[in-house]
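Visitor: I have a chain open on screen and would like to go through its contacts, core and sheet. Could we begin once it is displayed?

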Amino acid sequence: QRSLDLEFFQQRLSQYLEVFPRYEFLGWYSTGPQPEEADKALHKKIQEVGANENPFALLVDADKMSREKASQSEELPVKVYDATIHIEQGEATVTWNEVPYIIDTLEAERIAVNHVAKSATTAAAGYSSDFTQHTSGLSNSVVMLSNRIKELLEHMKDVKEGRAPKNQEVLRQTLSICQALQSVHPSSVKQEFCSEFNDATLVVLLATLTKVCSNTSDVLDKFQLAYDRKHRPRHHYPFG
């Protein structure tokens with residue numbers, strides 16, 4: 001029989017809603033190939049305490065995942081179920097209905113995950129991942145834009161001091177660029193840029209932490225293999 005820690009559930013739900021006030025509680029997840037009879041009682045309990053009349057149930061088939069790991073299957077062993085409640089003889093009966101789903105990710109998430117996954121390999125073009133290629137392209141664009149702005153400023157100084165002839169067409173285009181820049185509010189642009197920058201930085205940080213945890217796990221496995229307790233000499237350490 002499955003049980004639910006109500007205190008922990010309500011505390012964690014309130015924390016999520018406090019940090020992400022626009023998010024909603026959509027459902028719960030478990031492991032297994034298909035819903036079991038014990039999941040119905042748990043589903044009813046979550047309906048009562050989750051402030052959602054019809055939450056989704058997501059099941060991850062861990063056994064299928066381990067079997068398909070060697071074949072590198074791109075299909076996720078995940079199924080989403082929608083529960084329908086029928087009243088039969090005065091009692092509520094839960095019926096599971098599988099619903100289709102799609103996985104949607106942000107561009108920053110895809111780039112960061114791809115960068116972490118392919119950081120150990122080098123592509124033919126010399127980039128280790130799409131993230132490196134993307135940032136290199138942005139860097140080259142910014143440098144090119146900066147150089148052209150400097151050339152434009154030098155030209156305007158030469159025209160003002162009489163070292164270069166006046167070109168009315170160039171002056172009109174320069175004026176239109178300046179007016180376009182003035183029409184954009186710097187505060188809103190700065191706020192939007194900072195928001196996107198913080199989101200991208202957070203995704204990269206989380207991906208890096210995931211990689212660090214994986215590397216740490218590999219180091220611990222190798223350490224335990226190299227210094228097994230059976231082959232380790234007896235020493236007296238304060239923390240053994």
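Visitor: Which residues is V94 in contact with, leaving aside its neighbours within four places in sequence?

Guide: In this predicted model, V94 is in contact with K40, K44, A83, T84 and I85, once neighbours within four places in sequence are set aside.

Visitor: And which residues make up the largest nonpolar core?

Guide: That core has 12 residues: F9, L13, F25, W28, L42, I46, A57, L59, Y81, A83, V94 and W96. At least two residues each come from α1 (6-19), α2 (37-49), β2 (56-60), β3 (78-88) and β4 (91-99). As general background, nonpolar side chains in soluble globular proteins tend to be buried together.

Visitor: Turning to the sheet, what is the order of its strands?

Guide: The sheet is open, with 4 strands in the order β1-β2-β3-β4 and mixed pairing. β1 (27-31) and β4 each have a single partner strand, so they stand at the edges and one side of each lacks a neighbour in the sheet. From one strand to the next, the twist averages 30°.

Visitor: Mixed in what way? Do β1 and β2 pair in the parallel or the antiparallel sense?

Guide: The pairing of β1 with β2 is parallel, over 5 bridges. Within it, W28 has A57 of β2 as its bridge partner, and S30 has L59 of β2. Between these two strands the chain passes through α2, in a β-α-β crossover that is right-handed.

Visitor: In which sense do β2 and β3 pair?

Guide: β2 and β3 pair in the antiparallel sense, also over 5 bridges. One bridge joins F56 to its partner D82 in β3.

Visitor: Back to β1: which of its side chains are buried?

Guide: W28 and S30 are buried and point to one face, whereas G27, Y29 and T31 point to the other face and are not buried. In general, side chains of a regular strand alternate between the two faces of the sheet.

Visitor: Where does α2 lie relative to the strands?

Guide: α2 lies across β1, β3 and β4, and runs at about 95° to β4.

Visitor: D39 caught my eye. Where is it found?

Guide: D39 is found in helix α2.

Visitor: Is D39 buried or exposed?

Guide: D39 has a relative accessible area of 1%, so it counts as buried, the cut-off being under 20%.

Visitor: What does the side chain of D39 reach?

Guide: It reaches the backbone nitrogen of E36, at 2.8 Å. Beyond its neighbours within four places in sequence, D39 is in contact with R2, W28 and W96. Two of these residues, W28 and W96, belong to the nonpolar core described above.

Visitor: Finally, the chain as a whole: how many helices and strands are there?

Guide: The protein chain has 7 helices and 4 strands. From the N terminus on, its elements run α-β-α-β-α-β-β-α-α-α-α.

Visitor: What share of its residues count as buried?

Guide: Of the 240 residues, 15% count as buried. As for contacts between residues at least 6 apart in sequence, 49% join residues at least 24 apart.

Terms used: Residues are numbered from 1 along each chain as its sequence is written. This is a predicted model: local features need pLDDT of at least 70, side-chain atom pairs count only at pLDDT 80 or more; totals for chains, interfaces and linings use all residues. Side-chain values use heavy atoms; hydrogens and water are left out. A nonpolar core is a set of buried Ala, Val, Leu, Ile, Met, Phe, Trp, Tyr and Cys residues joined through side-chain atoms within 4.5 Å. Buried means under 20% relative accessible area, exposed over 50%, partly exposed in between (1.4 Å probe, protein chains only). Contact means heavy atoms within 4.5 Å. Two strands pair if DSSP finds at least two bridges between them. Axes are lines fitted to C-alpha atoms, for helices over the stretch in contact, and angles run from 0 to 180 degrees between N-to-C directions. A crossover is right-handed if, with the strands pointing away from the viewer, the path from the first strand over the helix to the second runs clockwise. A polar contact is a pair of N or O atoms within 3.5 Å; within protein, one must be able to donate a hydrogen and the other to accept it, and residues adjacent in sequence count only if both atoms are side-chain atoms.
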